[in-house]
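Here is a short, friendly tour for someone meeting this structure for the first time. Have a look at the picture, then read on.

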Amino acid sequence: MPRYLLATALLAAAAPLSAETVAISADRMVDVLTGRMVERPIVLVTDGRISAVGKQGALNVPDGAKRIDLPGKTLVPGLIDMHVHLDSLAEIGGYNYLQYSDSFWSVVAAGNAKAMLDAGFTTVRNVGSGNYNDVGLKQAIDEGYAIGSRVVPAGYALGATGGHCDETFFPPSFERKGQAVGDGPQALRNLVRQQRKYGAEVIKVCATGGVFSRNTEPGQQQLSEEELRAIAEEAHQWGLKVAAHAHGAAGIKAAIRAGIDTIEHASLVDDEGIKLAAQRGTWFGMDIYNTDYTQAEGKKNGVLEDNLRKDREIAQAQRDGFRKALRGGVKMVFASDAGVMPHGQVGKQFATMVQYGMTPMEAIQAATRNAAQALGREKDVGAIAVGRYGDMIAVDGDPVADVRQLESVDAVIKGGVLVKGR
């Protein structure tokens, strides 16, 4: 049986008749909880979750356990990308998307989820989609009908009339309006309830203008602090976390004061915003690599010059802000904005994070331990630790010495099943 079909069958087995244990060994393992490298590890995964972690020769392996031996490799926890758009393609920019059927994007999402998984990202947070594509994709993957990362869906992203998350590319005669656009606290509370009703596990809100919308500037605040607070309060009441798209300094600070959990992009953050985020424990997810792709390939892909201009104007400011936020004690997660760049290339961001101030271990922790904390899912993902899913990857070299090792992943294991590699 081809490996991808075998993986599908195993992932679809929701209630196995007896416990199945897989023993996974390698030369080294990155322990993101302690920040140390472990030599000659062996990991036992029973029915999809890690049941034991120890040293080869010291940990008893049950008779009949399946083996995944990765000699010469380093194990790393399955990576987590906190900002992706699975039903988008970087290669189709500007108005070019109008050539395709609405249902085209749901199929695209499945391919992108597989690309993310192959790149080593076993969990992704999808911060906004059309037609609840991310919810449907999560269901298909969880039920074994598709292969891809674990998906934390947001449904539609909330926004203000005429703002970044509204439909701003068309004249009035088309009467296009974003599906989650609202004005005023109560309207936005209602939209939070609607997203949760249809499967959202995180709420995404656009607090400021953006790069890839029309007639908005990244620095513009587009929802009031009162509106943002209503969104945060409503989401938290339902047990959901909130991610705020916020490039501009004023919008960033309003979102932090409103109690929003993660700030996306944070491109034009000022010193006051950095101090406020550090004090409140707000997470920043700063996509500091993708501008390289946008500037190199965007025009060819159909991205409009106005969008390319905005990308150029904020690119270095965002990278400098990343360094300042890190030095200022802001908690950081890995966030690529995949969909603006190809999903399979997101591992290239690790090197940029190191270039702008992180150690390789800190960059790895941003995509594992930190991301799990920000998701509120430390019992499930983010570390090779007992009780969590058996999600891990393997690379040839030492990613703590050379973080570029994460740009080319040799093996991917999800729930104890080898889904990529030999």
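## Salt bridges, a sheet and a disulfide

R319 counts as buried, with a relative accessibility of 10% (buried is under 20% relative accessible area, exposed is over 50%, and partly exposed is in between, using a 1.4 Å probe and protein chains only). A word on the ground rules: this is a predicted model, where local features need pLDDT of at least 70 and side-chain atom pairs count only at pLDDT 80 or more, while totals for chains, interfaces and linings use all residues. Residues are numbered from 1 along each chain as its sequence is written, and side-chain values use heavy atoms, with hydrogens and water left out.

Back to R319: what does its side chain meet in a salt bridge? The partner is D292, at 2.9 Å from N to O. A salt bridge here is a side-chain nitrogen of Lys or Arg within 4 Å of a carboxyl oxygen of Asp or Glu. D292 sits in helix α8 (residues 291–301) and R319 in helix α9 (residues 305–327), so this pair links distant parts of the chain, 27 residues apart. Helices (H or I, at least four residues) and strands (E, at least two) are DSSP runs, numbered from the N terminus. Unlike the buried R319, D292 is partly exposed, at 39% relative accessible area.

How many salt bridges does a search of the whole structure find? The count is 27. In general, side chains of opposite charge can pair when their charged atoms come close. Here are three of the pairs.

| Pair | Closest N to O |
|---|---|
| R257 and E225 | 2.9 Å |
| K253 and D270 | 2.8 Å |
| D292 and R319 | 2.9 Å |

Take the salt bridge between R257 and E225. R257 belongs to helix α6 (residues 249–258) and E225 to helix α5 (residues 225–237), so the pair ties together parts that lie 32 residues apart in sequence. R257 is partly exposed at 33%, and E225 is partly exposed at 24%.

K253 forms a salt bridge with D270. K253 is in helix α6, while D270 is in the loop between β11 (262–265) and α7 (271–280), so these two tie together parts 17 residues apart in sequence. Is K253 buried or exposed? K253 counts as buried, at 11% relative accessibility, whereas D270 counts as partly exposed at 27%. Elsewhere, K138, D142, E201 and R377 are linked in a network of salt bridges.

Now for the sheet. Five strands form an open sheet in the order β9-β10-β11-β12-β13, with parallel pairing. The edges belong to β9 (202–206) and β13 (331–333), each with a single partner strand, so one side of each is left without a neighbour in the sheet. On average, neighbouring strands of this sheet are turned by 30° against each other, direction ignored; the axes are lines fitted to C-alpha atoms, for helices over the stretch in contact, and angles run from 0 to 180 degrees between N-to-C directions.

Two strands pair if DSSP finds at least two bridges between them. β9 and β10 run parallel and are joined by five bridges, with A243 in β10 as the bridge partner of K204. The chain gets from β9 to β10 through α5, in a right-handed β-α-β crossover. Right-handed means that, with the strands pointing away from the viewer, the path from the first strand over the helix to the second runs clockwise.

Next along, β10 and β11 pair in the parallel sense over four bridges, and H245 stands opposite E264 in β11. β10, α6 and β11 make a right-handed β-α-β unit too. Strand β10 (residues 241–246) has five of its six residues buried, so it is largely enclosed by the rest of the structure. β11 also pairs with strand β12 (residues 283–285), in the parallel sense and over three bridges; there, F284 in β12 is the bridge partner of I263.

The loop between β11 and α7 holds V269, which counts as buried at 14% relative accessibility. Leaving out residues up to four places away in sequence, V269 touches H247, I252, I274, F284 and G321 (contact means heavy atoms within 4.5 Å).

Finally, a search of the whole structure finds one disulfide, meaning a pair of cysteine sulfur atoms within 2.5 Å. This disulfide joins C165 to C206, with 1.8 Å from S to S. C165 lies in the loop between β8 (150–153) and α4 (185–197) and C206 in strand β9, so the pair ties together parts 41 residues apart in sequence. C165 counts as buried at 18% relative accessibility, and C206 counts as buried at 1%.
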